[in-house]
Amino acid sequence: MEKPMLCDCMKKRMSALCADDAVKAALKVCEDEAEFAMKEQIHISEIESPTFAEAVRAEEIARLMKAYGLTDVVIDPSGNVVGRRPGTGSGPVLAIAAHLDTVFPAGTDLKVRQEGNRYYGPGIGDNASGLRSMLQVLRALEKGGVETEGDILFVGTVGEEGNGDIRGAKALFDGSRRIDGFMALDMCDVYTVQNGATGAHRWRLSIEGEGGHSYLDYGRVPSAIHAMCRAGALIADLDLPENPKTTYTIGTIKGGTTVNTIAARCEVDVDMRSVDLPTLEALEAKVLAAFEEAVRLENAHWPLADEAHQLKLVKTQIGNRPAGMRPADCPAVQSVLGAMDALNLEVKKIKPSSTDANKPMSLNIPSVCIGTGGETCLEHSLKEYFVADRIWLGPQTALLAALAMVGRRGEKGALA
Ligand SMILES: [Zn+2]
């Protein structure tokens, strides 16, 4: 994969943007309101929002979007908050999204504690910081009086974490609305551009039969555990490509009841990942076929077993984060590179990740995920903390990139 380089046309587009008085004013708002924005980040972080229970935080984000000037704000059937900042009606539509949910269950103490410029609190960075940055972009556009050709959707998504399986992002791209580009605000580092989506397919595979006595039923009853061991042996030596990086593991295994029982049941959870969807799908097909084969081999090994004692495989997909890789000339990636160049931010890393952007990336829609400003440490732990270092750099990058994509009024955006 060639490393994306900033093209000259985007460089030109950015210098025109940065010379615009309204844009300059908007960029200044991001910096001037940093203290207010940090207070807002704390406020958001203290509203609990576990995956599958984001409604209270969603309502508050909807209220703030309206307070900051949006009139078209809805909570969609999945629970996403979607606020529209209209353009002229003839431009492209960009969605800027930050996820509403956290990995912390209901009842977790979310009170934020400050020590200097460090703020301690579960979820304070991931992703109260993203929501804060998104609202800063909105306020900056409004206060700067920036008019755009295309529409910008401001979106708080549900279900980004864990078993949420990016259900909010999937709902956003269910075909019910037009979206030509997508920018996720997740993770804080403003020197990293996430230009690809590591796909993850996850399965719970259960081998089920009748089981029996280890001595009395020997020869007549196949074992679910033995069948599982066969499956493990079949897939343990799979040769996977290093590029695109493709991985798999049996993450958990459980089954059996006692040492003197032929196991009736054995279950594993398998995780498979790749940035390349066909490679991921090929791996998935191989792994599932190996489990089928293992069950067949174990049943065949005990020809005396009657029909009732035969093992069968039960497959349940428990995760599907689609994969995709944006090309070097992707307008979303180029717009971010242009914004970073204009703000003198060094591009330290360009890499795939697993975020809400996975869904649009898998659909070949121009997409990118960028940092929100500041620094998050120990995310997904109760000790998570956020360092409020120049937090305006996140929204400034997002704002410039968004304007490059949708265009100022009368101008063709990069997404058009
Ligand atoms: Zn996150």
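A residue is called buried here if 20 or more other C-beta atoms lie within 10 Å of its own. With that in hand, here are the views, all taken from a predicted model.

**Figure 1. The whole protein, before we zoom in, has 416 residues, of which 51% are buried.** The chain folds into 11 helices and 19 strands. Measuring sticks at the ready: along its principal axes, the C-alpha trace spans about 85 × 45 × 35 Å. Of the contacts with a separation of 6 or more, 81% link residues that are 24 or more positions apart.

**Figure 2. Helix 9 packs against helix 11.** Two packed helices are described by the angle between their axes and the distance between the axes. Here helix 9 covers residues 331-342 and helix 11 covers residues 393-406; the angle is about 130° and the axes are 8 Å apart. Helix 9 is therefore oblique to helix 11. The crossing of these two helices is right-handed. On the helix 9 side, look for Pro331, Ala332, Ser335, Val336, Gly338, Ala339, Met340 and Ala342, which meet Thr397, Leu400, Ala401, Ala404 and Met405 of helix 11. By residue type, this contact of helix 9 with helix 11 has 10 nonpolar and 3 polar members, and no charged ones.

**Figure 3. Helix 1 also packs against helix 11.** Helix 1 (residues 8-18) meets helix 11 at an angle of about 110°, and their axes are 10 Å apart. Which word fits this arrangement of helix 1 and helix 11, roughly perpendicular or roughly parallel? Angles of 65 to 115 degrees count as roughly perpendicular, so helix 1 is roughly perpendicular to helix 11. The crossing of helix 1 and helix 11 is right-handed. Met10, Arg13, Met14 and Leu17 come from helix 1, while Leu400, Leu403 and Ala404 come from helix 11. The residues of this contact of helix 1 with helix 11 divide into 6 nonpolar, no polar and 1 charged. Leu400 and Ala404 are worth finding in both helix views, as they take part in the contact with helix 9 and in the contact with helix 1.

**Figure 4. Four strands form an open sheet with antiparallel pairing.** Reading across the sheet, the strand order is 11-13-9-14. Strand 11 (246-255) and strand 14 (312-321) are the edge strands, each pairing on one side only. From one strand to the next, the twist averages 15°. How many bridges join strand 9 to strand 14? There are 9 bridges between strand 9 (residues 199-208) and strand 14, and the two strands run antiparallel. To trace one of these pairings, start at glutamate 208, whose bridge partner in strand 14 is lysine 312.

**Figure 5. Helix 8 lies across the strands of the sheet.** This helix (residues 277-301) lies across strand 9, strand 11, strand 13 (265-274) and strand 14. Helix 8 runs at about 160° to strand 13.

**Figure 6. Alanine 26 sits in helix 2.** Helix 2 spans residues 21-32. Is alanine 26 buried or exposed? Alanine 26 is buried, because 25 other C-beta atoms lie within 10 Å. Setting aside residues up to four places away in sequence, alanine 26 touches Ala140, Leu141, Gly144, Val146 and Leu399. Valine 137 makes a handy landmark: alanine 26 and valine 137 are 111 residues apart in sequence, yet 8.3 Å apart in space, C-alpha to C-alpha.

Conventions:
Residues numbered from 1 in each chain as written. Predicted model: local features only at pLDDT ≥ 70, side-chain atom pairs only at ≥ 80, totals over all residues. Axes fitted to C-alpha atoms, helices over the stretch in contact; angles between N-to-C directions. Parallel < 35°, antiparallel > 145°, perpendicular 65-115°, else oblique. Left-handed = near helix turned anticlockwise from the far one by under 90°. Contact = placed C-beta atoms within 7 Å. Nonpolar A, V, L, I, M, F, W, Y, C, P; charged D, E, K, R; others polar. Pairing = 2+ DSSP bridges. Buried ≥ 20, exposed ≤ 12 C-beta atoms within 10 Å, placed from the backbone.
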